Amino acid sequence: MTHPTPVTVAYGDGIGPEIMTACLKIMQAAGAQIAIDTIEVGERAYLNGHTSGIPASAWDSIHRTRVLYKAPITTPQGGGYKSLNVTIRKTLGLFANVRPAVSYFPAIDTRHPLMKVMIIRENEEDLYAGIEHRQTAEVYQTLKLITRPGSEKIIRYAFEYTRANNRKKLTCFTKDNIMKLTDGTFHKVFDEIAKEYPDIKAEHMIIDIGAARLADRPEKFDVIVVPNLYGDIVSDIAAQLTGSVGLGVSANIGEDYAMFEAIHGSAPDIAGQSIANPSGLLLAGVEMLVHIGQPEVAATINNAWKVTIEDGIHTPDIYHDERSTHKVSTGEFADAVIERLGKTPEYLRTVKFSSSSNMRLIKLKPQPRPAKALVGVDVFLDWDHDPRDPALLGHLLEERIHTGGLHLTMITNRGLKVYPGEETQTFCTDHWRCRFLSDQYAPITHQQLLELLGQFAAAGLDFIKTEHLYTFDGQPGFSLGQGE
Ligand code: NAD
C-alpha cells in the first residue's frame, strides 16, 4: 500500500460542501491514498476580514502539501474583495491552466460528439496583471504584459503535455496581426520551441478564426495553447460545446504547486438542496490523482463515473427525458459511482492515464540580454482644447518643445496617426500620444527626456504618462502608429 499523499482540501461555499463530500467519499471508496488537510477559504474568510479570502493558516497547509483540491467559493458582492483564484494562482506560480473539453455523447447531449480538446491557458500574465488607470476624463487604460519567459514556460509545458499524453497536434492562438510585440512574442516563442518537437504537428491561428473553427469543428483540434484572456474565453466556449459547463475541469499547475477545481461557481441558487452535480469537481479530483502519481485510482473513478452516466443516472442539471433513467441527488449520484467502481464503460472511451511524472518540467535557459538603447519617448497628453484639432496641437508642440536631438515624429489619437498629414475623419478623444524620436535611433539620455518634459510643463501641457522608446540590438522595441 502506498503512503497517503497529503492534500489540502477546501470545501468552499454554496454547493461546495455537498459536492466535495460526495467526491471525497468516491475517492476513498476507490482506494485513493490521500491524507486530507482541510482549510477554510472563501466567503467566511472574506467576511472575517481576510480581503484575499484566504487566512494565513490556509497558506501554511498549502505550502506543506503543495496540492490544493478546491470546491467553488462565493466572492462577496461589493468592492474591496480580491479574487481568491487570481491570488492563489499568482502566489503559487500556477502558470498553466489545463482545461479538458471532452464530449460524453450520447450520455450527454452535444452537437460535437467527437470533441476531445485540451486547452492549455497561460495563467499569470496578459491583461490579468490588473494594472489599470484612468488617465483623462474620457480614457481608461489597462496594461497587457506578455513576457518572454512566461510565454516560454507555458509553451514548453504545452509541448511536453502533448507528447506525454500521446497527442499529435498543438495549435497556438494569438492576435499577432494586431499586437505584433506582445502576441508576436508568444507566437515567435511557439515557432522556436516547435522546432524541438518535430514529432508534434505545430500550427498557429489568429484567435478570431481559430475560435470560429473551434466552435464549428472542435473535433479537428487536439491541444491548444493560448495567452490568458483568450484562453479564459475559449475554454469556456469549449466547455459549453461539450454539452455541459457543469462537467468542466480546471487544473492549475506550477513548478512546485497545483490546484484542482471545477469550472462552475458555488451555485447559491441550488445550495443546500442536494441536487448539485458533483461531476466537475470529481473529474478535477481525477486529474489531481494523476498529478500525485495515482493514475490507476484516477482511471477507476473516471471509468465508474462514465458507467454511471451511461446508465442514465443523472442529477437534475443533466437529466434528459429520453436518455436518463433516474433523477438522483448529489449523494445518490456518488453512491451510484461507488457501486460501479471496477466497471468499464460500454460506449464512452475507457481511460488509462499515464502518470504525470512522464512530463518533464523544463527549466528555462537564460537568454542573452540584448543591447538596449534609449532613442525617444511617447508623451501622452490630456488635451481638451476646443476644437480638438490635431494640427493645432502639432503646431503648438513644434513651437514650444525643442530638445536637442529629439523631434516630434507623430501624434496619434486612440492609436491612429492624426499629425502630421491629411485631416482624418476619426473622432478624437482628450488623450493624445506625441512621439519624439532621435535621428536614426541615435542614443539619447534620461537627462534629455527630463528637459523635454520640463518644456511640456512650462507650456502648461498636462502630460499624463510617458513611455520610453528603446531599441534592442538595434531593432525598435515599439510599434508604429496606425497609418504611419
Ligand atoms: P455558477 O457556476 O455558480 O452558477 C451558474 C448556474 O449553473 C446556476 O444556475 C447554478 O445553479 C448552475 N450550476 C453551477 N454548478 C452546478 C452544479 N455543479 N450542478 C448543478 N448546477 C450547477 O455561477 P454564478 O452564479 O455566476 O456564480 C455564483 C458564485 O460562484 C459567485 O459568487 C461567483 O463569484 C462564484 N464563482 C466561483 C468560482 C470558483 O470558485 N472557481 C468560479 C465561478 C464563479
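**Close-up views of a predicted model**

**View 1. Arginine 66 sits in a loop between a helix and a strand.** The loop runs between helix H3 (56-65) and strand S3 (67-70). The model shown here and in every other view is predicted. Look at the backbone of arginine 66. Its phi is positive, about 70°, although arginine 66 is not a glycine. Is arginine 66 buried, partly exposed or exposed? Its relative accessibility is 38%, so arginine 66 counts as partly exposed. Partly exposed residues lie between the 20% and 50% cut-offs.

**View 2. Tyrosine 441 has a positive phi as well.** The angle is near 55°, in a residue other than glycine. Tyrosine 441 belongs to the loop between strand S18 (431-438) and helix H13 (446-458). With a relative accessible area of 32%, tyrosine 441 is partly exposed.

**View 3. The whole chain gives the setting for the close-ups.** The chain has 13 helices and 20 strands. Its C-alpha atoms fill a box of roughly 85 × 55 × 45 Å along the principal axes. How much of the chain counts as buried? Of its 484 residues, 52% do. Now take the contacts in the chain with a separation of 6 or more. Residues 24 or more positions apart account for 76% of them.

**View 4. Helix H1 runs beside helix H11.** H1 covers residues 16-30, and H11 covers residues 330-339. Two packed helices are described by the angle between their axes and the distance between the axes. Here the axes come within 9 Å and cross at roughly 15°. That angle makes H1 roughly parallel to H11, because angles under 35 degrees count as roughly parallel. The crossing of H1 and H11 is right-handed. Which residues of H1 meet H11? They are Glu18, Ile19, Ala22, Lys25, Ile26 and Ala29. On the H11 side, the partners are Thr330, Ala334, Asp335, Val337 and Ile338. By class, this contact of H1 with H11 holds seven nonpolar, one polar and three charged residues.

**View 5. Helix H10 crosses helix H11 at roughly 115°.** H10 covers residues 295-310. The axes of H10 and H11 come within 8 Å. This crossing is right-handed. H10 brings Ala304, Trp305, Thr308 and Ile309 to the contact. H11 brings Phe333, Ala336 and Val337. The residues of this contact divide into six nonpolar, one polar and no charged. Val337 of H11 touches H10 in this view, and Val337 also takes part in the contact with H1.

**View 6. Aromatic rings pair up in the chain.** The count comes to 11 aromatic pairs. One of them joins tyrosine 470 and phenylalanine 472. Their ring centres are 6.3 Å apart. Their planes stand at 55°, so the pair is tilted. Are the two residues buried or exposed? Tyrosine 470 has 19% relative accessibility, so tyrosine 470 counts as buried. The cut-off for buried is under 20%. Phenylalanine 472, at 32%, counts as partly exposed. Elsewhere, ring pairs link Phe95, Tyr157 and Tyr161 into a cluster.

**View 7. Two peptide bonds leading into prolines are cis.** One joins phenylalanine 105 and proline 106, with omega about 0°. Where does proline 106 lie? Proline 106 is in the loop between strand S4 (96-102) and strand S5 (116-122). The other bond goes from tyrosine 419 to proline 420, with omega near -10°. Proline 420 has its place in the loop between strand S17 (416-419) and strand S18 (431-438).

**View 8. Glycine 272 meets a distant part of the sequence.** Glycine 272 and glycine 14 are 258 residues apart along the chain. Their C-alpha atoms are separated by 7.3 Å. Glycine 272 lies in the loop between strand S12 (258-262) and helix H9 (279-291). Its relative accessible area is 67%, so glycine 272 is exposed. Exposed means over 50%.

**View 9. Lysine 363 and lysine 153 form another long-range pair along the chain.** In sequence they are 210 residues apart. In space their C-alpha atoms are separated by 8.1 Å. Lysine 363 is found in the loop between H11 and strand S15 (372-382). At 61% relative accessibility, lysine 363 counts as exposed.

Methods. Residues numbered from 1 in each chain as written. Predicted model: local features only at pLDDT ≥ 70, side-chain atom pairs only at ≥ 80, totals over all residues. Heavy atoms only, no water. Axes fitted to C-alpha atoms, helices over the stretch in contact; angles between N-to-C directions. Helix = DSSP H or I, 4+ residues; strand = E, 2+ residues; numbered from the N terminus. Parallel < 35°, antiparallel > 145°, perpendicular 65-115°, else oblique. Left-handed = near helix turned anticlockwise from the far one by under 90°. Contact = heavy atoms within 4.5 Å. Nonpolar A, V, L, I, M, F, W, Y, C, P; charged D, E, K, R; others polar. Phe/Tyr/Trp six-rings, centres within 6.5 Å; stacked < 30°, edge-to-face > 60°. Buried < 20%, exposed > 50% of the residue type's maximum accessible area, 1.4 Å probe, protein only.
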